[in-house]
Amino acid sequence: MDAADHKHPNYVAVWGGLFVLTVIEVAAVYMRIPRHLLVLALLLLAAWKALLVALYFMHLRFEPKRLALVALAPLPLGIILVVAVLQEFAKR
Amino acid sequence: MTAAAAPHDAGLHAGHDDRPWLRRYVFSTDHKTIGIQFLFLSLTFLLLGGLMAMVIRWQLGFPGTPVPGGSILPDAMAPGGVIRPSFYNALVTMHGTFMIFFAVMPLLTGVFANYLIPLKIGAPDMAFPRLNMWSFWLMIPAGTLALAGFFVEGGSAASGWTAYAPLSNSPLYTGVSAGQILWCVAIIIFGASSLLGSVNYIATVVNLRAPGMTWMRLPLSVWALFITAILALLAVPILAGAIIMLLFDQVLGTHFYLPTGGGQPLLWQHLFWFFGHPEVYILILPAMGIVSDVIANGSRKPIFGYTSMVFAIGGIAGLGFMVWGHHMFVSGMNPTLGTSFMASTMLIAVPTSIKVFNWLGTMWRGNIHFHVPMLNAIGFLSMFVIGGLSGIFMAATPVDMYIHDTYFIVAHIHYVLFGGSLFAAFAGIYYWFPKMFGREMHDGLGRWHFGLTFVFYNLTFFPMHLLGLGGHMRRLYDPTQYPFLAPMQPINVFVSVSAFLLMAAQLPFVWNFFWSLFRGPKAPLNPWRDNSLEWTVPSPPPHGNFVETPTVYRGPYEYSVPGEPEDFLPQDRPAPARQEAH
Amino acid sequence: MAPAVQPAAPPAEEGIGVYTQKLGMWVFLASEVMFFTALIGTYIILRWGSAESWPVPQDILNIPLTAFNTFVLICSSVSMVKAYAAATHDDQKGLRLWLVLTVLAGATFVGVQVLEYRHLIHEGLLPSGIRDGSPLAARLVDSGKLTATAAGLFGSAFFTMTGFHGFHVTCGVICMTFVTIKAFRGGYSGGRFHGVEVIGLYWHFVDLVWIILFTIVYLI
């Protein structure tokens, strides 16, 4: 049933994307960018890279939606934990 | 998709079993054998935890007097039989640790999830039988290491089962170093075992259901065990991470929780309770599932509000991840955060009450059969309501500030964990014993066991509410030290005596269990006239469970269907040649 | 609830639509997400909850070296996915080649990390903090740029997080070696690619965690 179709995206293109994003990340650190902007940019870039890996290398894009649910289920929990505890400690 | 039901292993069919002895009884990958192994292991740990409780109760009831038979204990624990304060702390810690991690959790998930899930969904075995075997065999080193703490320099971990930092990560406070390290390693191994179990239960329920076994035809016990597995899957790794950092604080000199090194002791509490509260539901949800099955059977009626039961289980589980702060109201947390934790905690009362009213609705006007599992299930229902109500007291921040860390909390946890989980576990053992071992348990002894346990359990734990409201601290070595507690000492004596009788009330169960194991009358295929698939196979079921993969036509609670000759309608019986009237 | 009667072929509700081993790996990875949440979350909380100023990563860590290591890990992910693609096409030669490359890249990553640790420990960064009298202490603590407490927390979190990631990579390399041996024995011929796909999921997940870790620990 699952031997029928294997979609293989252009893996080398994904690899190129990851490479370029990494270069941008590292370069950004050495440039004079305002701190808040830098942190935001780095987090977005990291999320983008993570998404590339999950969608194409881990094939989440070609899997049933319910499997994506399994993969995404823990994320809100982790965010709740970190945000709640962080605002508890960072109230200076 | 045929693969949903196809045996993962082509050679696995019920009937022919040529495994060598060792693979059959010791390193078995058969989910039924593993479930039974878990049963013996968890009952052993339950006994150990119970014995520890007896020693604790002796010290609280009769402080400073030698424990009967306590002279066999080494001087480091109890010189002349009198409990040392350090040993008392170790006992309190290990009583909690053993009961929660090594007794009740394996008893409810290890035993019933392993034994019941494949049988109830019509699968030949778990999705990953070999991982399942590892899940059991990892429990042995975990339990052994935890126990070994008693025999190392400095004694066992003594910072409570919650292991609050910095009490736990520096030997400065408890004088325990090696014992605490052993505790950490034991819990990490336990976490690995729990993870393997959870992955198995989830994959099995999702992918190995028999044809026709749709999600909304699953027995509620399977639903509860499935959601429990998700909770354990997502909560236990947080504990593992937290404990690894606690371990590193002790052995590598890191400073995660050490305030002297800039660390945050409260971080431990947050991480621990982020695991700890889902853990509470890991301990109660399977109990609710078992009770749902037993109550519907005992009432000979379809379960009331099946769909709402399913959503209530999910709701309890989901909310369970957002309430951990209610264990920490006195930690000086931001009032805004505290209030939101209070609100979310009270919200849990809604799905929980839905379940309680559904059980009552199931029994309402039912043709109730008071068989022993049903008695225990009703015991669960009534005691769980008391524990749940005292939980709502504690959810209110101002009330909790007053009763925090008193015996009121101890009473509450025992009402939900003994009154809730253990009564349900007894119900489950009485209910599925005939299926597991092919022999019936003695009915009269079962009734005596239930009656005595129910009475002495209440006599033990109800007065603890009063002690707590009077200010009796939890984890207190000697209550007579405090003048304001002295007038309540008779209550402590009463509680202790009741606790000893409660322990003695378990003797009929032990006798019944072992006697029935060897001498009980042979059990028929379906002694409770139940609908679920496990009752369509022989008792005990053969290796591979089903000769042919069963086909499911309906939900598991079709009792007393009008027009049927019997008052039950098994899930795999092809429908009669008429339209069903609902 | 029970629908109509006489279903010769009852409404067989499907599983999730993927084979069980893959589902099991995804479920396991969900749990791994929570494990790394505990570790990464602790770093975030300690860093932004700390009353003292946190060390600037570039002052202590070797960013170019780790950027190279990140590149190596990304390459190993590509070779892994290429191995999987080869396995689905029953291209045995390609499968073996890409698997060997993956193992080598993974081992290189671990090797570079060991070198990095050795260098850091030599410089004076330990899990318990900055060693007194070490070059790092002279450069940062004695000059007043950094307090010993903040350095201690940084050391604790840094070694725990990257160490556990390294542990995962090491486990991956070991498993991958067995997979490679099996591939050389023809264990994945004839369309039997499940083993390669499942270990690949784990491998990409470890890569994904590193992407997050690298950004949070080394760059921000």
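Helices (H or I, at least four residues) and strands (E, at least two) are DSSP runs, numbered from the N terminus. This is a predicted model, in which local features need pLDDT of at least 70, side-chain atom pairs count only at pLDDT 80 or more, and totals for chains, interfaces and linings use all residues. Residues are numbered from 1 along each chain as its sequence is written, while chains are lettered from A and ligands numbered from 1 in the order in which they are written.

**Exercise 1. Describe chain B: its elements, its extent and its burial.**

Step 1. Begin with the elements: chain B has 16 helices and zero strands.

Step 2. Turn to the extent. The C-alpha atoms of chain B fill a box of roughly 75 × 55 × 50 Å along the principal axes. The radius of gyration is taken over C-alpha atoms, and the globule rule is 2.2 Å times the number of residues to the power 0.38. Chain B has a radius of gyration of 24 Å, which agrees with the value near 25 Å for a compact globule of 582 residues.

Step 3. Now look at burial. A residue is buried if 20 or more other C-beta atoms lie within 10 Å of its own, exposed if 12 or fewer, and partly exposed in between, with C-beta atoms placed from the backbone. In chain B, 57% of the 582 residues are buried.

**Exercise 2. Find the residues with the most contacts inside the largest nonpolar core.**

Step 1. Fix the term: a nonpolar core is a set of buried Ala, Val, Leu, Ile, Met, Phe, Trp, Tyr and Cys residues joined through C-beta atoms within 7 Å.

Step 2. The largest such core has 279 residues, and I202(B), V291(B) and A427(B) have the most contacts inside it.

Step 3. Take V291(B) as an example. Two residues are in contact if their C-beta atoms, placed from the backbone, lie within 7 Å. Leaving aside residues up to four places away in sequence, V291(B) touches A377(B), F380(B), L381(B), A424(B) and A427(B).

**Exercise 3. Set out the elements and extent of chain A, then of chain C.**

Step 1. Chain A has four helices and zero strands. Its radius of gyration is 18 Å, whereas a compact globule of 92 residues would have one near 12 Å. Of those 92 residues, 26% are buried.

Step 2. Chain C has seven helices and two strands, in the order α-α-α-α-β-β-α-α-α from the N terminus. Chain C is more spread out than a compact globule, because its radius of gyration of 23 Å is well over the 17 Å that the rule gives for 220 residues. Buried residues make up 52% of the 220 in chain C.

**Exercise 4. Work out which parts of chain C touch chain A.**

Step 1. Count both sides: 38 residues of chain C are in contact with 38 residues of chain A.

Step 2. Locate them. α1 (20-49), α3 (63-88) and α7 (194-219) of chain C each supply at least two residues of this side. The largest share, 12 residues, comes from α1(C).

**Exercise 5. Is L136(C) buried or exposed, and which residues does it touch?**

Step 1. Place L136(C): it is in helix α5 (residues 135-141) of chain C.

Step 2. L136(C) counts as buried because it has 22 C-beta neighbours inside 10 Å.

Step 3. Not counting residues up to four places away in sequence, L136(C) touches I60(C), E123(C), G124(C), L125(C) and I130(C). The C-alpha atoms of L136(C) and G124(C) are separated by 5.7 Å, with the two residues 12 apart along the chain.
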